[in-house]
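Colleague: I should like to learn how to read the architecture of a model element by element. Might we go through it together?

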Amino acid sequence: MTKKLLFLLDTDPAPSVFDTVVGYDGGADRVVGYGGVTAENAGPLVDGTIFTRGPKEKQYTAIFVGGSSMIAGEAVFAAVKKRFFANFRVSVMLDSNGSNTTAAAGVALLAKAKPLKGKTAVVLAGTGPVGMRAAAMLHSEGAEVAITSRSKQRAEAAAKAIKDRFGFAPVPLETRDNAARAAAIKDADAVFAAGAIGAPLLSEKDWQDSPKIELMADCNAQPPLGIAGIEATDKAKERHGKIVIGALGLGGLKLKLHRACIGQLFESSDQLLDAENIYAQAKSLA
Ligand SMILES: NC(=O)c1ccc[n+]([C@@H]2O[C@H](COP(=O)([O-])OP(=O)(O)OC[C@H]3O[C@@H](n4cnc5c(N)ncnc54)[C@H](OP(=O)(O)O)[C@@H]3O)[C@@H](O)[C@H]2O)c1
């Protein structure tokens, strides 16, 4: 039986342990990680995947692009695709820092709880990989989207990168502290917290009395949580009259989705998994 080989091309110096474990749990027989991958040095790694197996076995070789920078991940994903020609290609998934799978799980659960069309959504700390993808997925549901950052410059840079990839730019907002983030969500219907692990973004009093907010999700599972007053295990739980989802509440779907996508990579050699098809799959699993 031909072995299922998954090559992790990680833009960080060390390939992700998380992505390695989920690679195995998703069905790979062997996961091989490369760190420090860039658009410039990815070519020979890609060549090794496309020139080594015949047409019938090629589907058992796949590439996963990861790392902590969405922009660097997108560049490697583009370089990998560019290296392919004719039938010399393998399936590839882009999921820098769990960007697509985590955002897809969170947004799909919010959209399942209540329609987002015509609603206003704010992605707190939306400059990281998860927040940037969440902004795009919220937009795809018909929401008006803003992203916040502690720096105006970083918010604008992320909004531009989102526009370059998805053709729409979220409103970039500078929010230096909890008070500024509380002001940013005052008129929001939905709040998606995508701050770094262990970074608190809102206190409970910043949102509990809001007459407007209907939906909230927080991705950060490590205390202090991103949004105080939401338990990590909450999954479409009602708190203060709002439907809330915590990091572990969405994490189950994220892992199920991530594993399903890995399994899908080995079904044929022509799959390109990124935000749109990963989000569609999240909706079918939510
Ligand atoms: N639940 C799950 O299954 C799951 C899976 C994967 C990831 N995650 C979580 O998803 C979250 C987002 O992941 P990511 O990789 O996109 O995050 P990230 O890139 O590490 O951070 C996102 C943003 O957080 C902001 N930030 C950093 N330190 C902060 C601080 N002290 N106070 C306020 N803001 C701060 C930064 O924005 P500015 O500098 O622009 O302000 C940064 O761009 C993380 O908490 C991660 O652990 C959850």
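Modeller: Let us begin with the five-stranded sheet, bearing in mind that the model is predicted. Reading a sheet starts with the order of its strands and the sense of their pairing. Here five strands make an open sheet in the order β2-β1-β3-β4-β12, and their pairing is parallel. β2 (30–34) and β12 (272–273) are the edges; each has a single partner strand, so one side of each lacks a neighbour in the sheet.

Colleague: Over how many bridges do β1 and β3 pair, and in which sense?

Modeller: Strand β1 (residues 5–10) is joined to strand β3 (residues 61–66) by six bridges in the parallel sense. As one point of register, L9 has V65 in β3 as its bridge partner.

Colleague: Which helix lies across β1, β2 and β3?

Modeller: Helix α2 (residues 43–50) lies across these three strands, and its direction makes about 170 degrees with β1.

Colleague: How should I read the sheet of seven strands, and what is its order?

Modeller: The procedure is again order, pairing, then edges. The order is β7-β6-β5-β8-β9-β11-β10; this sheet is also described as open, and its pairing is mixed. At the edges are β7 (171–174) and β10 (235–239), each of which pairs on one side only. From one strand to the next, the twist averages 20 degrees.

Colleague: How do β10 and β11 run, and how many bridges join them?

Modeller: They run antiparallel, and four bridges connect β10 with strand β11 (residues 242–245). Within this pair, E238 has I243 of β11 as its bridge partner.

Colleague: Which strands does helix α4 touch?

Modeller: Helix α4 (residues 99–113) packs on this sheet and touches β8 (190–193), β9 (215–218), β10 and β11. The direction of α4 makes about 160 degrees with that of β9.

Colleague: Helix pairs are my next difficulty. At what angle do α4 and α9 pack, and how far apart are their axes?

Modeller: For a helix pair, one reads the angle, the separation of the axes, the handedness and the residues in contact. α4 and helix α9 (residues 275–285) pack at about 45 degrees, with axes 9 Å apart. That angle makes α4 oblique to α9. The crossing of α4 past α9 is right-handed. The contact is formed by N100, T101, A104, A105, V107 and A108 from α4, with A275, I278, Y279, A282 and K283 from α9. By class, this contact of α4 with α9 comprises eight nonpolar, two polar and one charged residues.

Colleague: At what angle do the axes of α4 and α8 cross?

Modeller: They cross at roughly 125 degrees and come within 8 Å. On that angle, α4 is therefore oblique to α8. The crossing of α4 and α8 is right-handed. On the α4 side are T101, T102, A104, A105, G106 and L109, which meet L250, L253, K254, L257, H258 and C261 of α8. The residues in the contact of α4 with α8 are seven nonpolar, four polar and one charged.

Colleague: Which residues of α8 and α9 meet?

Modeller: L253, K256, L257, A260 and C261 of α8 meet I278, Q281, A282 and L285 of α9. Seven nonpolar, one polar and one charged residues make up this contact of α8 with α9. The axes of α8 and α9 come within 10 Å, crossing at roughly 125 degrees, and the two helices are therefore oblique to each other. α8 passes α9 in a right-handed crossing.

Colleague: How is the shell around the ligand read, and which residues come nearest?

Modeller: One asks which residues and elements contribute, and then what their classes are. There are 26 residues around the ligand, of which G98, G128, S149, C219 and G251 come nearest. The elements giving two or more residues to the shell are α5 (129–140) and α8 (247–265). The largest share, four residues, comes from α8. By class, the shell has twelve nonpolar, eleven polar and three charged residues.

Colleague: Finally, which backbone details deserve a look?

Modeller: Most peptide bonds are trans, and most residues other than glycine have a negative phi. The bond from P223 to P224 is cis, with omega near -5 degrees, and P224 lies in the loop between β9 and β10. A125 is not a glycine, yet has a positive phi of about 55 degrees; A125 lies in the loop between β5 (120–124) and α5.

How values were computed. Residues numbered from 1 in each chain as written. Predicted model: local features only at pLDDT ≥ 70, side-chain atom pairs only at ≥ 80, totals over all residues. Pairing = 2+ DSSP bridges. Axes fitted to C-alpha atoms, helices over the stretch in contact; angles between N-to-C directions. Contact = placed C-beta atoms within 7 Å. Parallel < 35°, antiparallel > 145°, perpendicular 65-115°, else oblique. Left-handed = near helix turned anticlockwise from the far one by under 90°. Nonpolar A, V, L, I, M, F, W, Y, C, P; charged D, E, K, R; others polar. Near = placed C-beta within 6 Å.
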